[in-house]
Amino acid sequence: MTVTATRLDPVTSPLLDGVTHGFFTRIGGASSGIFTALNCGGGSSDQAEIVSLNRGKVAEEMGVEPKALVGVHQVHSPDVAVIDAPTQERRRADALVTATPGVALSVLTADCQPILFADPEAQVIGAAHAGWRGALDGVLEATLDAMDGLGAERGRVRAVIGPSISQRAYEVGQEFLERFMDEDPMTSRFFVSGKAEGKYQFDLTGYGLSRLRAAGVAEAEWTGHCTYSDPERFYSYRRATHRGEVDYGRLISAIRL
């Protein structure tokens with residue numbers, strides 16, 4: 001695959017109009033090979049200096065200094081970091097919130113849901129990394145709780161799920177289904193039968209949207225982009241695994257006041 005564009009190509013949402021944000025694609029970076037091109041994952045085997053260069057391009061696009069592009073050490077948890085100043089310390093968490101202008105919150109994904117939040121009236125924003133485990137354990141609700149603690153009102157919050165793996169590409173087994181059913185039998189509506197016996201297709205973004213709406217946000221949407229199905233624009237852990245590739249790039253999503 002060849003990704004030749006030099007300009008960044010972020011996906012944005014009208015729900016977040018007036019708030020600087022972007023779900024960045026793989027287009028426009030300096031990485032090569034399987035990481036072509038905008039790999040922002042320091043945990044990958046890509047060259048550290050190239051990843052730093054890519055993150056610098058994202059910071060410039062977001063209108064902040066590289067040190068103000070803040071992330072966390074993601075561990076598939078419901079934990080949230082409250083950020084009050086630019087920092088390169090990476091706390092163990094899967095979401096960030098801030099009321100501090102000039103700080104860009106960021107999360108990394110490669111099939112999991114990147115979710116950006118904003119209460120423009122209160123000037124409070126958030127960003128969350130929500131795979132199936134984090135979503136099931138409550139990272140979305142925890143993000144909203146942390147925003148509330150900074151003065152937001154969830155009835156004003158707009159939340160957007162960025163490029164994520166779609167239901168048609170997300171096959172899971174019986175134990176996975178049962179884990180969700182044990183939590184809430186109503187989650188069965190997010191599963192349909194797969195092609196093989198004992199296999200199901202899981203609607204991760206539908207599940208994420210349902211939890212956001214149940215938590216009381218004003219509006220929520222998924223951008224509709226499937227990471228697995230569009231290798232020209234998106235990295236995908238599951239696609240890389242199916243292809244037998246040794247590693248995969250990470251997409252970055254960011255938001256700032």
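Phe 180 is buried in this predicted model, and its relative accessible area is 0%. The reason it counts as buried is simple, because anything under 20% relative accessible area falls into that class. Phe 202 comes out at 0% as well and is likewise buried. These two rings make an aromatic pair, with their centres 4.9 Å apart and their planes at 50° to each other. That angle makes the pair tilted, because stacked planes would be under 30 degrees apart and edge-to-face planes over 60. The two partners come from distant parts of the chain: Phe 180 belongs to helix α4 (residues 174-183) and Phe 202 to strand β11 (residues 199-202), with their positions 22 residues apart in sequence.

The pair has plenty of company, as the structure holds 14 aromatic pairs. Phe 180 and Phe 202 also belong to one aromatic cluster, whose other members are Trp 132, Tyr 170, Phe 176, Phe 190, Phe 191 and Tyr 207.

Now to the charged side chains. Side chains of opposite charge can pair when their charged atoms come close. In this model there are nine salt bridges. One of them runs between Arg 233 and Asp 9, where the closest N and O atoms are 3.0 Å apart. Arg 233 sits in the loop between β12 (219-222) and α6 (237-243), while Asp 9 sits in the segment before β1 (20-23), so this bridge ties together parts of the chain that are 224 residues apart in sequence. Both ends get some exposure: Arg 233 is partly exposed at 22% relative accessibility, and Asp 9 is partly exposed at 27%.

A second salt bridge joins Glu 153 to Arg 156, with 3.5 Å between the closest N and O atoms. Glu 153 has a relative accessible area of 46% and so is partly exposed; Arg 156, at 23%, is partly exposed too. This bridge doesn't stand alone, as salt bridges with shared partners link Asp 119, Glu 121, Glu 153 and Arg 156 into one network.

Then there is the bridge between Asp 247 and Arg 250, whose closest N and O atoms lie 3.2 Å apart. Here both residues are buried. Arg 250 has an aromatic contact as well: its charged end sits over the ring of Tyr 248, 4.0 Å from the ring centre.

The backbone has a few quirks of its own. Thr 36 and Ala 37 are joined by a cis peptide bond, with omega at about 10°. Ala 37 is part of the loop between β1 and α1 (48-62).

Two other loop residues catch the eye for their phi angles. His 76 is not a glycine, yet its phi is positive, at about 60°. This residue is in the loop between β2 (69-70) and β3 (80-83), and with 33% relative accessibility His 76 counts as partly exposed. Gln 123, again not a glycine, also has a positive phi of about 60°. Its place is the loop between β6 (113-119) and β7 (124-130), and Gln 123 is partly exposed, with a relative accessible area of 41%.

Methods: Residues numbered from 1 in each chain as written. Predicted model: local features only at pLDDT ≥ 70, side-chain atom pairs only at ≥ 80, totals over all residues. Heavy atoms only, no water. Salt bridge = Lys/Arg side-chain N within 4 Å of Asp/Glu carboxyl O. Helix = DSSP H or I, 4+ residues; strand = E, 2+ residues; numbered from the N terminus. Buried < 20%, exposed > 50% of the residue type's maximum accessible area, 1.4 Å probe, protein only. Phe/Tyr/Trp six-rings, centres within 6.5 Å; stacked < 30°, edge-to-face > 60°. Lys NZ or Arg CZ within 6 Å of the ring centre and 35° of its normal.
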